[in-house]
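Please read this briefing with the sequence and the model side by side. The notes are grouped by topic, and each one can be followed on the structure.

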Amino acid sequence: MAFSKKRKVSEEGRTFRDKWTENFFFIEQKGAALCLICMDTVACFKEYNLKRHYDTKHAAHNNFMGQHRQEEINKLKRKLTGQQMLFRNVNSDGEMNLRASYVVCHKLAQESKPFTDGEFFIKDCIQGVVDLICPDKSKEVGKISLSRWTVARRIDEMSDDIVNSLKEEGSKFNFFSIAVNESTDVTDTAQLVIFIRGVNSDFAITEELLSVQSMKDTTRGQDIYEEVNSALNRFGLKWENLSGSVTDGAPAMKGKNCGLVARIKKELANRQMNPDDVTVFHCIIHQENLCVKVLQFKDVMSTVVPCINFIKARGLNHRQFRKFLEDMDADQEDLLYFTEVRWLSRGKMLKRFFELKDEVSNFMDMKGKAVPELQDQKWLTNFAFLVDITAHLNELNTKLQEREPLIRKLYSHIKSFQNKL
C-alpha cells in the first residue's frame, strides 16, 4: 500500500494579506505573522489561525471601528518601531564600543606601547576630549574596555586573525617567493625575518611579512633552513610552489654547499623537482647598500665621527653643546649618531653635521679641541660632496623599499639614478 507524502506548510506558498492588518491587528515580520497587540507570532499565513488568535485574546478591540481602528493600528506600529529602534541602538552602541577598543589596541601594538597605557592614559585622553566636544557621549567612553588584560587579548585575537588570513591566502597561491634576512637585535639575539610574495590563479598578488624567528644559538645555513621550513609548514605552504628566493648574499645564505639556497635546492631535489626552477636573487637594496660602502671618504669620516663622539658621548659636553646651539639660535637642536646597521643614518648624520659645522667648530675651539679641517675649503668641498651623494643614495634606497614593486620599477630607479650621476 502506497502512502502519500505529507505536504509541508512551507511548500504551500502562502503569502500575507494586507487586509489581515485591519481585521486582526497582524503584520508580516521576518516571514511570520506578528500580532501588534501582544507581540505573539503565528508561523502559518492562514486566515483561520489569525482570526482564532484575535477572537480568543483580543476580542475587546472590536470596539475600535473605522478611523479609530486605523489610528489604533498606526499607534501600535509606531510603538513596535520604537522598541525595535531601541534594541538596534543598544546593539549599535555596543558594536561601536567594541570597534573603538580594537582600534586603540591596534595603535598600541603598532607603536609598541605598554598595554597599561590604554586604560590609564589613552582612555583618560579620550574622555577629556569627548567631555568638551560632545558631552552627551561622555558615558559611552566609560564603556570602552581597555584594561591591560583586554588589550592583550585583543592583540592576540588580531594576531590570530592575521595568521589565519595569511594561511587562507597562502592556500590559494599557485607560486610564491620568499625574501630572507638575518640580523642581530640589541640583546644579541639573531632575528630571522621572512617575507613572502605570492600570486593566485586570478593573478592577485599578496606581499606580507610571513614570520620573525628568534635564533638563540648558531646561525648557520642549516639553522636558517630549518627556521624557514618551520615557517612554511606552519602556514601550509608547499615547497613545490616555491619559484624564487631573495637573500643578502651572506655565506650562511648563499654558501655553495651549506648555505640556505643550497639547502633549499637539495630539498627540491629530494622531492623530485628541478632545483633550477627556483630563481635566486641577491637583494637589490642590499646591493645598493654595498655600493654605498665604497664611498668611504675616510678623511671626512675620520674627522666627523670623533667630533660627534666627543660632544655626545660625554654628558657635560652634550648639555653645554645643546645650550650653545640654543644661545646661537641654530636651526637644529642637536647632532645625530651614525650606526652601520641603519643604512640611512650615515646620510642624515652628515647632513646634520654640515648644517651645524660652524657651531661645532666654535664649540670645539672653546673646549680646546680645535678642528682645522672645518676651516679647510678643500676638505669642506669633499664633505659637501659626500653629504650630497649620500642624500641622493638615501632617496634611492627609500624608493627601492616601496611596497609591492615590480622588478622593472626597481631597475628603472637604479638606471635613473645612474643617468643622473
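Does glutamate 395, at 41% relative accessibility, count as buried, exposed or partly exposed? Glutamate 395 counts as partly exposed, because its relative accessibility of 41% falls between the cut-offs of 20% for buried and 50% for exposed. The model is a predicted one, and the points below take up its strands, a helix, a surface patch, its aromatic pairs and its salt bridges.

**Strands and their pairing**

- An open sheet of 3 strands is arranged in the order β1-β2-β3, and its pairing is antiparallel. Because β1 (26–29) and β3 (41–42) each have a single partner strand, they stand at the edges, and one side of each is left without a neighbour in the sheet.
- Within this sheet, β1 and strand β2 (residues 32–35) run antiparallel and are joined by 4 bridges, and isoleucine 27 stands opposite leucine 34 in β2.
- Elsewhere, strand β4 (residues 173–184) runs parallel to β7, with 4 bridges joining the two, and serine 177 has glycine 244 in β7 as its bridge partner.
- β7 also pairs with strand β8 (residues 279–282), in the parallel sense and over 4 bridges, and here serine 245 stands opposite valine 280 in β8.

**Helix α6**

- Helix α6 (residues 148–170) consists of 23 residues, and the distance from its first C-alpha to its last is 33 Å, close to the 33 Å expected at 1.5 Å a residue.
- The buried residues of α6 are Thr150, Val151, Arg154, Ile155, Leu166 and Gly170, a list that includes the arginine at position 154 along with the valine at position 151.

**A nonpolar patch on the surface**

- Val129, Leu132 and Ile133 make up a nonpolar surface patch, and together they have about 360 Å² of accessible area.
- Of these residues, isoleucine 133 is placed in helix α4 (residues 117–133), and it counts as exposed because its relative accessibility is 66%.

**Aromatic pairs**

- The structure holds 8 aromatic pairs. One of them is formed by tyrosine 225 and tryptophan 239, which are stacked, with 5.9 Å from centre to centre and 25° between the planes.
- This stacked pair links distant parts of the chain, since tyrosine 225 lies in helix α7 (residues 221–234) and tryptophan 239 lies in the loop between α7 and β7 (242–247), 14 residues apart. Both tyrosine 225 and tryptophan 239 are buried.
- The rings of phenylalanine 354 and phenylalanine 383 have their centres 5.3 Å apart and their planes at 75°, and the pair is therefore edge-to-face.
- That edge-to-face pair also links distant parts of the chain, with phenylalanine 354 in helix α13 (residues 345–355) and phenylalanine 383 in helix α15 (residues 377–400), 29 residues apart.
- Phenylalanine 354 is partly exposed, with a relative accessible area of 25%, whereas phenylalanine 383 counts as buried at 0% relative accessibility.
- Phe354 and Phe383 also belong, with Phe353 and Trp379, to one aromatic cluster.

**Salt bridges**

- A search of the whole structure finds 9 salt bridges. Among them is the one between lysine 143 and glutamate 140, in which the closest N and O atoms are 3.4 Å apart, and lysine 143 is exposed, with a relative accessible area of 54%.
- In helix α12 (residues 315–327), aspartate 327 and lysine 323 are separated by about one helical turn, because they are 4 residues apart. Their side chains meet in a salt bridge of 2.9 Å, N to O, and lysine 323 is partly exposed, with a relative accessible area of 45%.
- In helix α15, glutamate 395 and lysine 399 are likewise 4 residues apart and so are separated by about one helical turn. The side chains of glutamate 395 and lysine 399 meet in a salt bridge of 3.8 Å, N to O.
- Both ends of the bridge in α15 are partly exposed, glutamate 395 at 41% relative accessibility and lysine 399 at 29%.
- As background to these spacings, an α-helix has 3.6 residues a turn, so residues three or four places apart point the same way.
- Glu240, Glu267 and Arg271 are linked to one another in a network of salt bridges.

Terms used
Residues are numbered from 1 along each chain as its sequence is written. This is a predicted model: local features need pLDDT of at least 70, side-chain atom pairs count only at pLDDT 80 or more; totals for chains, interfaces and linings use all residues. Side-chain values use heavy atoms; hydrogens and water are left out. Two strands pair if DSSP finds at least two bridges between them. The expected span of a helix is 1.5 Å times one less than its number of residues. Buried means under 20% relative accessible area, exposed over 50%, partly exposed in between (1.4 Å probe, protein chains only). Patches are made of residues with over 30% relative accessible area and no salt bridge: like charges are joined within 9 Å, nonpolar side chains (Val, Leu, Ile, Met, Phe, Trp, Tyr) within 5 Å. Accessible areas come from the Shrake-Rupley method with a 1.4 Å probe; for residues, only the protein chains shown count as cover. A salt bridge is a side-chain nitrogen of Lys or Arg within 4 Å of a carboxyl oxygen of Asp or Glu. Rings of Phe, Tyr and Trp (its six-membered ring) pair if their centres lie within 6.5 Å; planes under 30 degrees apart count as stacked, over 60 as edge-to-face and the rest as tilted.
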